[in-house]
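Student: Could you take me through one part of this protein closely, strand by strand? I would like to see how the pieces of a sheet are put together, and then what lies around it.

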Amino acid sequence: MSKISDLGEIIREFGPHLHDAPYDGWRADREIERMVPTHCPYCGMQCGLYLLVERGRVVGLEPRYDFPVNEGRLCPKGVTAYLQVHHPDRLLHPLIKRDGKFVRASWDEALDLVVARFREIQAKHGKDALAVYSGSSLTTEKTYLMGKFARVALGTRYVDYNGRLCMVSAAAANLKAFGVDRGSANPWSDIPLAEVLLIAGANCAETFPILNKFLWQQRDNGGRWIIVDPRQTPTARQGDIHLQLKPGTDVALANGLLHVIIEEGLTDDEFIADHTVGWDEVRSTVARYTPQVAAEITGVPAERIVAAARLYGRARTAMVFHARGIEHHSHGVNNALAYINLVLATGKIGAPGRGYGTITGQGNGQGGREHGQKADQLPGQRSISNPEHRRAICAVWGISEEDLPPAGVSVVEMFERMRRGEIRGLLSLCNNVMVSLPDTNTVRRTLEELDFYVCIDFFMSESARYADVVLPGTAWSEDEGVTTNGEGRVVKINRANDPPGEARHDWWIICEIARRLGRGKYFPFQSPRDIFEEIRLASRGGNADYYGMAWEKIEQNNGIFWPCPTPDHPGTPRMFEDHRFYHPDGRARFHAVEYEPPAETPDEEFPLILTTGRVVYQYLSGNQTRRIKFLVDQCPEPYVEIHPETARRLGIQDGERVRVRSRRGEGIFPALVTETIRPDTIFIPYHWPEPQAANLLTNPVLDPVSKIPEFKACAARIEKLKGGALPLYGATRKGASQSEA
Ligand code: SF4
């Protein structure tokens, strides 16, 4: 039986409803009592802003000119972020589902039920019958707490985080190549110093908008861009060379580039000899990837591959950046390694304007994977499978080594175990699997079959609707702590207002559940600062060493880059300056990687490649941004981009609604006929739920190392609908009812 008796009623009560800035013209009586310096809750830029507080309420914001990342700039999401704080959809009291409907409950009632059901499930099915899954936009204090809660309060091995859907391929490649996982080896202030930027699978203009500040400074200095992307994105349109490859062929392209660089004598042989391992194997592998071979696989003309290789290889300074476009693949780690090979072969790392980085879509995507909420990890970026690392953390936590569970599995694998009945209960904090995981139909069935599902969130997400208990948590302005932006800079989030209604701080909720489970002595925290102090100790000596940081020091310096091992250490904006890497011998590792196609390739039944991504007006699963009227007005619903040639062949007009189908599901989307996409490829942005969820279609196949799903390539087809010629923007744009938004 469905866990929801009346979806319409849930939507009517909990939204999403649209909320706009209550504009009332000039307000002479406005009395801003405080301007709280903090950071945007959305992407990994973590732009600085002030929240304006009037009579205890957040009524607006101003960008911070003193924060060096954005220097007064904000994108459309950042400008409207404050509208989520007092949004009418905020969850205000605990809810327990009875007969398919949510009923208001007291905190005692809800928490007692959670603890009783957790105990019952574990008594019957063992400790690993419970799983914990949390977000990566949370403060690092909360992400640390979730990892500790799973292992110490519940004693389960099953904990993971939604950065699994984001940066894990890059993280795994960084660890393999450099022995450390810091998304960007350089501060972004290095970007303007590079003669050439090679940006692969990263539509910075939409997903990471304020990075453009640095990119345009580089252009102003005479810099050039090479863009690798199957779509002519707003970023690609600004590039000097656009390599518009077939989705999923990145290894062939990067190997082709390296082939040309070797042929033309553009490698840095001294750097290779002194600081790396594994070059010979890479050289012999890429020997097979002539420009012609790479062109055949990727669809990029050979002469463009040669031109791009020369531009990057001949530049004195150059930087490589990539993002989900190359990482969301069943070969995502290999894709990233292929680009790292380019960096190492040319020795362009560890100096101003010479560097490498991945770009982070989630606000705390970096910090969220440093301190133990990842299935295989312990605080300080330690490995849960390393006996020495286990010992270090058990000493901090005061538990015996036998009581620390082994590594768990990724979230997609956890859901498989839920389907098989091995995991019976789930505690989730601020994530939305009904939009963000691949293969939505299977995810929905899995949630419905769980014995017990608890959600902590501040809005009723599409996933929370399936929960047995919903606990109202806090928005970002109601708590304090730190996050780490995409360049490795730890910044301070400050509190501006109290949680509304009966909502409580997320960290309090978690500690209270632990206390009621009889594990309170391991969670004595009275504030996020207490948790941060424990992170300092737990990370000490690890790769991501925060020991030398203090909240005050972070604020005084506009952020501190890790590692920061001692209180007098200034932090480490640029990694590898001495060309020593984090492997025991100090050398970086090359990895010879061969091209392998995506798990699904087009065939007669499904002749197109579907790729997915983001738009500038929405953030991840849209649970926050789909409630803000200005953002919804700009992009009210998802669409499918189709090349004019493909549209002509199928008899489809711009704006017409079409059915897109894959082996897993289908959805109906307006067609956006555009020359910016390849004829063999279609694109759908993924921020919306069913029936228009891009993830109804995507393939849950995983990269074998990072366990990231293949969001960026699956086989699909487009079907014309009878009477489908409805306008793309129009009725849905201005006239959307609240429940449809
Ligand atoms: Fe927020 Fe990112 Fe936009 Fe900056 S670029 S305002 S951090 S969403």
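Tutor: Happily; here is a walk through one sheet, followed by a few other places in the chain. Please keep in mind that this is a predicted model.

Let's start with the sheet itself. Five strands make up an open sheet, and reading across it you meet them in the order E10-E9-E8-E12-E13, with parallel pairing. At the edges sit strand E10 (241-243) and strand E13 (355-358), each of which pairs on one side only. From one strand to the next, the twist averages 15°. As background, strands of a sheet pair through backbone hydrogen bonds, either parallel or antiparallel.

Now look at one of those pairings. Strand E12 covers residues 318-322 and runs parallel to E13, the two being joined by 4 bridges. To find your place on screen, pick Val320, which stands opposite Tyr356 in E13.

Next, bring a helix into view. Helix H7 (residues 212-220) lies across strand E8 (196-200) and strand E9 (224-228), and its direction is at about 135° to E9.

For contrast, here is an antiparallel arrangement. Strand E4 (residues 95-98) pairs with strand E5 (residues 101-104) in the antiparallel sense, over 4 bridges. Arg98 has Lys101 in E5 as its bridge partner. The hairpin of E4 and E5 has 2 residues between the strands, and Asp99 there takes a positive phi near 50°. E4 also pairs with strand E18 (residues 469-472), again in the antiparallel sense, over 2 bridges. In that pairing, Leu95 is matched with Val470 in E18.

A single side chain is worth a stop too. Ser539 lies in helix H21, which spans residues 528-539. Is Ser539 buried or exposed? Ser539 is buried, because its relative accessible area is 0%, and buried means under 20%. Its side chain reaches the backbone oxygen of Arg536 at 3.3 Å. Leaving aside residues up to four places away in sequence, Ser539 touches His371, Gly380, Arg382, Ala544, Asp545, Tyr546 and Tyr547.

Finally, some empty space. Rolling a probe the size of a water molecule over the atoms shows where such space is left. The count comes to 3 cavities of 30 Å³ or more. The second largest cavity has a volume of about 80 Å³. Its lining includes Cys40, Cys43, Cys47 and Cys75, along with Tyr42, Met45, Pro209 and Ile210.

Technical notes:
Residues are numbered from 1 along each chain as its sequence is written. This is a predicted model: local features need pLDDT of at least 70, side-chain atom pairs count only at pLDDT 80 or more; totals for chains, interfaces and linings use all residues. Side-chain values use heavy atoms; hydrogens and water are left out. Two strands pair if DSSP finds at least two bridges between them. Axes are lines fitted to C-alpha atoms, for helices over the stretch in contact, and angles run from 0 to 180 degrees between N-to-C directions. Contact means heavy atoms within 4.5 Å. Buried means under 20% relative accessible area, exposed over 50%, partly exposed in between (1.4 Å probe, protein chains only). A polar contact is a pair of N or O atoms within 3.5 Å; within protein, one must be able to donate a hydrogen and the other to accept it, and residues adjacent in sequence count only if both atoms are side-chain atoms. On a 1 Å grid over the protein atoms alone, a cavity is a set of points where a 1.4 Å probe fits but cannot get out, and a pocket is an open set with protein on both sides within 12 Å along at least five of seven lines; lining residues have an atom within 4 Å of a point. Grid points are joined across faces, edges and corners, and a volume is the space filled by probe spheres set on the points.
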